[in-house]
Amino acid sequence: MQAWRVHRNGEPSEVMELEETDRPSPGPGQVLLEVRAANINFPDALLCRGQYQVRPPLPFTPGVEICGETEDGRRVLATPALPNGGFADYVVADEAALLPAPDALDDAEAAALHIGYQTGWFGLHRRAHLQAGETLLVHAAAGGVGSAAVQLGKAAGATVIGVVGGPEKAAIARELGCDLVIDRRSEDIVAAVKEATAGRGADVVYDPVGGDAYAKSVKCIAFEGRVVVVGFASGSIPTPGLNHALVKNYSIVGLHWGLYNTKDPAAVRACHDELTKLAAQGVVKPLVSERLPMADAARGVQRVADGTSTGRIVVLPAGGAR
């Protein structure tokens, strides 16, 4: 089979190599899956760079989520078992963690419904307890993680403010349903949020960026607001001023969605059931910006690493538009 392999750490476009290799063999409790679509996530870039919290042994195949097909023909969502990730023709995954692919979504869309939307759901509902009528501020609103949070925030009845970088991404954020879009390159985030909320600020901030995005967020957070720390795509990990959190009376909550797979797998399945219902109703639909053949996977991962992509880039190993 074909698989992209990383033999040394570095930039994805430089270290990912497409090779012929053997199919992985399922271990106890695992199943072999044919990959129908593999979604590109920022952690795939971090894996290539050796900067992710999980460091698989070299060589490894990146690709943390897929839509695949079981040997008995079931279409499922899975997180492949590293070091044999999803940018391959076949993967193995834990059978107990397989989730049925929603009928309302094609393979590429289904692959993109998994980690990003689960993260958004747990972040907004379980960690931040977002309520209808509240204001949600989403950073990187046109990206894969941010676009999911925008859709889920609207589904929850919140007023959604999206922060993006550049007019192209601003247009996408508006199409996603943002009530207000702020271009961080040309607008003052803090002033715009305060003006839009009559000085109150955002009740919930969804931050997959860190760095300056976090610093601006806590300057326009509402009384009893909640900042959900999802990731650090900027490459800068902020150091929160706890005295500031005390004086302004807001909460800083972290979200590592992967922990739920081991700590509370029933919650993951319940979340997937809810996301499947929302997909069937047309309330959420992953924004798939590009569908790439297997040969272009490294280019796609590099674009995500560089922050130039919008929505989700999905790799289709068979080369078709399933």
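I began with the secondary structure of this predicted model, and I counted twelve helices and 15 strands in the chain.

Next I looked up the overall dimensions, and I noted that the C-alpha trace spans about 60 × 40 × 35 Å along its principal axes. The radius of gyration of the chain is 19 Å, which agrees with the value near 20 Å for a compact globule, because that is what 322 residues would give. Turning to contacts between residues at least 6 apart in sequence, I found that 66% of them join residues at least 24 apart.

I then asked myself what share of the 322 residues counts as buried. The answer I wrote down is 54%, and beside it I put the exposed surface of the chain, about 13500 Å², of which carbon and sulfur atoms supply 49%.

For the interior I went to the largest nonpolar core, which has 81 residues, and I listed M16, L33, F87, F122, L136 and V138 as the members that touch the most other members. Helix α11, residues 265–280, contributes the largest share of this core, with six residues. Apart from this core I found another, of 17 residues, which includes I161, V163, V193 and A202.

I followed L136 further, leaving out residues up to four places away in sequence, and recorded that L136 touches L124, L130, A149, G153, A158, T159, V160, I161, V204 and Y206.

Last, I checked the charges: the chain carries 30 positive and 37 negative ones, and their mean positions are 5 Å apart.

Methods:
Residues are numbered from 1 along each chain as its sequence is written. This is a predicted model: local features need pLDDT of at least 70, side-chain atom pairs count only at pLDDT 80 or more; totals for chains, interfaces and linings use all residues. Side-chain values use heavy atoms; hydrogens and water are left out. A nonpolar core is a set of buried Ala, Val, Leu, Ile, Met, Phe, Trp, Tyr and Cys residues joined through side-chain atoms within 4.5 Å. Buried means under 20% relative accessible area, exposed over 50%, partly exposed in between (1.4 Å probe, protein chains only). Helices (H or I, at least four residues) and strands (E, at least two) are DSSP runs, numbered from the N terminus. Contact means heavy atoms within 4.5 Å. The radius of gyration is taken over C-alpha atoms; the globule rule is 2.2 Å times the number of residues to the power 0.38. Accessible areas come from the Shrake-Rupley method with a 1.4 Å probe; for residues, only the protein chains shown count as cover. Lys and Arg count as positive and Asp and Glu as negative; His and the chain ends are not counted. The place of a charge is taken as NZ of Lys, CZ of Arg, CG of Asp or CD of Glu.
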